[in-house]
Structures are given as structure tokens and as C-alpha cells.
Amino acid sequence: MATKIWTADDVIKKVSEYMNDEHVKQVKKAYEFAKIAHQDQRRQSGEPYITHPIQVAGILADLHMDPETVSAGFLHDVVEDTGAVLGDIRELFGDDVALIVDGVTKLSKIKYKSSQERLAENHRKLLLAMCKDIRVMIVKLADRLHNMRTLKSLRPDKQRRIAKETLEIYAPIADRLGIGTIKWELEDISLRYLNPQQYYRIVHLMNSRRDQRVDYIEKAIAEVKSAIADLDIKSEIYGRPKHIYSVYRKMVEKHKQFSQIYDLLAIRVIVDSIKDCYAVLGAIHSKWKPMPGRFKDYIAMPKANMYQSLHTTVIGPEGKPLEVQIRTEEMHRVAEFGIAAHWAYKEGIHSEVKASQDNNKLNWFKQIIELQEDTDDAADFMDSVKGELFGDHVYVFTPKGDVYELPKGAGPLDMAYMIHTEVGNHTTGARVNGKIVPLDHQVKTGDIVDIITSTGSAGPSRDWLPLVHTRRARNKIKQYFRQEDRAKNIEDGRLIITRKLREEGFDPHAVMTPEKLEMTATNMHYQHAEDLLAAIGFGDVQPTGVVNRLTEDVRAQQKRERQDQAEKEVLEGHQTITENTSEAAKKKARKSSNGIVIEGVDNLLVRLSHCCTPVPGDEIVGYITKGRGVSIHRVDCPNIVKAEENGERLIEVAWANDPGARTTYEASLSVQGYNRSGLLTNVLTAVNNVTKTVSSVNGQVDNNKMATISLLVGIRNLEQLERLINAIKNVHDVYLVERKFR
């Protein structure tokens, strides 16, 4: 999908092309509501906040989504970021729009122990809302796509965190939903921020040989047209663009050089019918020799995300490998837009009918519900989703021809429990392709797996746990033994917690009250304290986490006392210094020699931290250190972020209007670019044009010919530093300039 900057008028014009007047009016109403709700807000980039909902709605309109979904695109942030409440949305726009907006809204009003826990709970909420209405995820993907397009306005650490989350969660979801046009862009942008060296290297290599590839593709297209001319088939043939992330994955996973990747040279043939697809395939194989093992029939065996196409790689013109994809127009639409193609607005088709149709096509929704039922912890749930739903998969058959999708590495027991819990519990063996195999056998795509069961079997064995690969099978086996040994597990769990509390110096009788146990169980998503104790006794829950929750209030009180003591020591040290100064000095407030003013305190020992090298203009914060005064950090310094999460003592500080004796401050920069003769000289010339103070320069070149130059420079303030960064960015072949944390 080409990047387009939408206006509200563009969105209304787009939906007017395929919606009736009443639905267009609903979309306009949603825009007007969002515009008023967000009127005083701005994004991190400085733009009016309403530009973001407009872009999200535009992406959805481009997918031809229905009125409720486009309206939700305009409204998706109003509950989370404005004074509007969900009841307003439900009253004005109906239950469907309210459900979508609620599904996309983060759990921002709930307090969690860590940002990781909050993130996992938000992901779980989103995935479960998606199971109720797939449009929740389509809106979220459009929201994430626009956020990724504007990621440059955020701090580098946030850029990397969001890009990592996108690559691990949202791009795989887009792939699972078959929305290739969003998936590819999310992957490419994520790679740009996670591994800029490789990203820009691949861009450079692709651009350097582009003319050769274009000439070759044009020649191949002409020869394909000639080969199918006698078939009297209506077709559209064109070169298929290669996405940067897919090139990167093949280079990393298959240890290949750029020149060894076959499908950089690829063409796509669009025809009218399935019969024509196979006819074109035959003509191409008659003209060029197919490469062994490189043919895939996704028409007869569609992917789980509904993708259908014929893929073949042949020895094409000039003896070079050439990939050809053959599909119908409908298959191509589904390949680009996936589930969104089925939800695309069609007059007279109700959402209930579409939901029913699409849930049949995407039965992995059922797996999400089952994982939620089997997993109480949000982080554990997300690990299961990433491993089992978004990882590599194999497709196997039952003797009756039913197809089952399993994660790569799964075996007969995993398939047995996927069929039914009772089938798994009564499994006694398995045949794969007619041969008896051990239960730890790993199945492959195309295998015919016959599960052997017996009603007289003793049930699962604990020895099965290391053999299964899926969380579902493991949980079902554990569930069986939990019920068998529940009373013993409860007693064991109680003894384990009691012993752990004593080891850490707490009184079990004071801490393990019935009220605290019930509260801890509820917080950890167990219905009753006995359920939690049974899980501890069985080994499902680590006692350390439970002890931490039980003693949270005691430890918080101890921590406050330690902080008060530390603050007292620092302030007593400051008082001693003040008492020894002259009476005249007491009357005159002084700032530190570093140009820092601490609110309400003067003459305290202050030093600029070396880990983030703050300069005047940066947002800063002070960190009280024991015996060494106050250390000044940038607010985005990882050490400060960690200190905030741990609840450590921070104080407000500010830059003085007059820096005093200090006129220059150190700033640490990392410059990355494609290595060429004169690159370092050009970078240093750019630096010299802005500042004459350079403390150190270091450079290195990796195996991919990417250069990294580390600079320590002296500058006066943030404004001069930004001028310096922009000057370096303008150097040819420099792809990234950022401040370093040490």
C-alpha cells in the first residue's frame, strides 16, 4: 500500500465511492465527534492529534471497510485520550462501533507491577476482543501502521521498543489475517529501526542493481506472454516487488548472500480462473526447466490465512533463477487484503453473516480462546500466542483427509490433543504414513497421522510432558494430574510458601492471612486461594512471585524508610557545607558549576552523568546518590527509566538561564553509513562546520561494509547539537545519526 497523506475530505470522498448516503453521513459524524474531542491535543511530532485518526480512517477506507470500521478508525483514541466515555460512543454510533473502540482501547486505568505486565495484559485484551469481532484487529493494525510511519518523532529507545513489539506481535497478526499489504510495510519499517545497518545496506544493494533487474524482468515478461499466447487466456503480467525484510530474513536464516536470493527476480501472472492458473503453469514449465523442490501449490492447499497462489521457480532467461506466482484476481485481492477483503463493504451483507463466515476460515481464533482458558498469566499467554500461532507451522492430515495445522516441531501427542482432550488422554501410539512411530516423532507437512487410542488406557503419563510441543497439550496433561492430586498439591503449596517466607525473614503467620491469600490469588487470576496454592504445589507457579505479592506492602514500607534515611543523609551533608560557608555566601543563592539549579536547595554536590551526557535544553532529572550528591540525567536515560520503575528517589532539577563558568558540554554521537572512501573525512568536515571541539573519534567497519563512527564532541546546548546532527545527516551515504547512551 503506497504511503498517502489523507485529509478528512479525502476519506469522505473515498467512502462515498462505495457507501450509500446514510453510511457516509455516519462516517462524517464520527469525524466531527473525534475532531471536537481531540481539538486541544497534539502528537509528539507537534501535529494536531486529529491527523492520526484521519490517517487511520484513510487506511481503512482504502481497504473498503464497512461504515462501523471506518467510524471506529476516527474514534479509536477518544475513550483512551479524551474525556469521552464508551457510553457516548455506544449511544451515538451503536454497539458495533463501541465494541471496536473498546477493543482497541488500552487498559490505561489499571495499575500493574511493571510495564511488561501492562503490555502483556493489553495484548491479551486486544486478542480476545479480536475473537469477538475481527474488525477490532483491523482497526488496530491501521493504527499501528500509521504510528510506525511517524515513529521518527519518538526517542530512540521508544522507537526500538515499538518496532520490536510490531515485529513480534502485529506483523505476524497481519500475516495470520492475510493482510499482506500491511504486513510487509510493518516489517520493513520495523527492520529500519531495529537493524538500520542491514536495512540500509539491502536498500543500497537493491538500488545499485535495479536497472539490471528491471531489464531482466521485462525480458522474462515478454517470454511468458509468448509462451501462453496460444492458450487464449486473458492475463495481467508484471514484476513483483521484493520487500526488504523478506530479503533480510533469507540472508539471516538461510545464510545467503544478497546475490544468492532467487526471488529478487520474480513475476506475477493474474488470470480469470483456477483452470487458467494451471494452464499457465504448464506453459511456463514447458518453456523453462523448473527447479527441484521449488514448486508450491497453495491453490489446492491454501495457507491458514486463506492465501492461494501457485509458486514455481524456473531456470529462466540467461540461465538465472526466476520465481513466478500465478493466481486469479480474487486470490490476488485476498493475498493483499486478507480478511479485510471479506469484510469489505458490500450492500445488504450483515456483519453477523460475515463474522460467521470468517470465523470458519480462521479457526485459529478458537486456539486463542483455548490458550486464554488454559493460561492465567498474561505474559505466559502472550508467549504461547507468539510461539504457537505466530511461529512456523506444518500441515498434516488425518486418514480421513482432515487437515490440522501444528507448530513446527510438534508430534502425534500434540495432534491428538488438538483433535480432542479425550483423544489425547487415551492415546496409546501413532502411525505416520502407515508406519508406527514413537510419540516423540516430529511430523512434517504432508504427513498422514493416525492416532491410536484405547478406552482401557490408564490415561496420560507424566513422561509425556517433555515430548509435547504445544502449550495446549502440555496444559491438558497437567490439568489431568492437577485434578488427580489436588488435595496434596494444596498442602504442598502452603508448605512451600511458608518455608520461602521464613527464608526471606518474614513471619508466615503475619503475612499468610486468608484475606491476603485471597487477594493475591485474585491478582494472579485465580478464583480462590486454594487454586493458587494447588498451582504452587503442582509446580505451575513459582513461589518467589507469590511471596513478593504477599509481602508487597511490608517491603514498600521498608523501602520508604530506606529512602527517607538516604535523603536525610544527603541533606545533612548539604547542611554541613552550608554551615561552614561565610554569612555573606548564605545570603546569596548559588547554582552548581554545571549550570544546574535544584529546586529548593543550593550548594549541593552536582555532577552530570556520563551515561547519557545531558546538555542545556535536554529535559533532565536528578538522582540522589548515597554520599555523592545528585547525578543529573536525561529523562530518557535507561538508568533513570529503570530507577523510576524501581521507585527510587528522583528530584526535580532545571538548567540555569546562565550556565556560569561552564560553556561547553560533552555529547556522544553514533554515526552509521555505507563505508566508502572519504566518508570519515566528510563527517568530520560537517562536525567542524558546527563545533571546533572534538574530544574523541572512533570508527569500525563490519563484514557488510557498514561503518559506525563514534564521536565525543563539545557543544553549548541542544539547539547546537541538533544543528550538528542535521549537518552529519546531510553527508552522502550516512543513514543514521543518534545520541548514544554509554
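Trainee: In which loop, between which strands, does Asn 433 lie?

Mentor: Strands (E, at least two residues) are DSSP runs, numbered from the N terminus. Asn 433 lies in the loop between strand S8 (427–432) and strand S9 (435–437). The model is predicted: local features need pLDDT of at least 70, side-chain atom pairs count only at pLDDT 80 or more, and totals for chains, interfaces and linings use all residues. Residues are numbered from 1 along each chain as its sequence is written, and side-chain values use heavy atoms, with hydrogens and water left out.

Trainee: What is the phi of Asn 433, and why does Asn 433 count as buried, partly exposed or exposed?

Mentor: Buried means under 20% relative accessible area, exposed over 50%, and partly exposed in between (1.4 Å probe, protein chains only). Asn 433 counts as partly exposed because its relative accessibility is 45%. Its phi is positive, about 55 degrees, although Asn 433 is not a glycine.

Trainee: Is Thr 613 buried or exposed?

Mentor: Thr 613 is buried, because its relative accessibility is 5%. Thr 613 belongs to the loop between strand S12 (606–608) and strand S13 (620–624), and its phi is positive, near 40 degrees.

Trainee: Which residues does Thr 398 touch?

Mentor: Contact means heavy atoms within 4.5 Å. Leaving aside residues up to four places away in sequence, Thr 398 touches Tyr 404, Met 415, Ile 448 and Val 449. Thr 398 sits in the loop between strand S6 (393–397) and strand S7 (403–407).

Trainee: How many bridges join S6 and S7?

Mentor: Two strands pair if DSSP finds at least two bridges between them. S6 and S7 pair in the antiparallel sense over five bridges; Val 394 has Leu 406 in S7 as its bridge partner.

Note on methods:
Helices (H or I, at least four residues) and strands (E, at least two) are DSSP runs, numbered from the N terminus.
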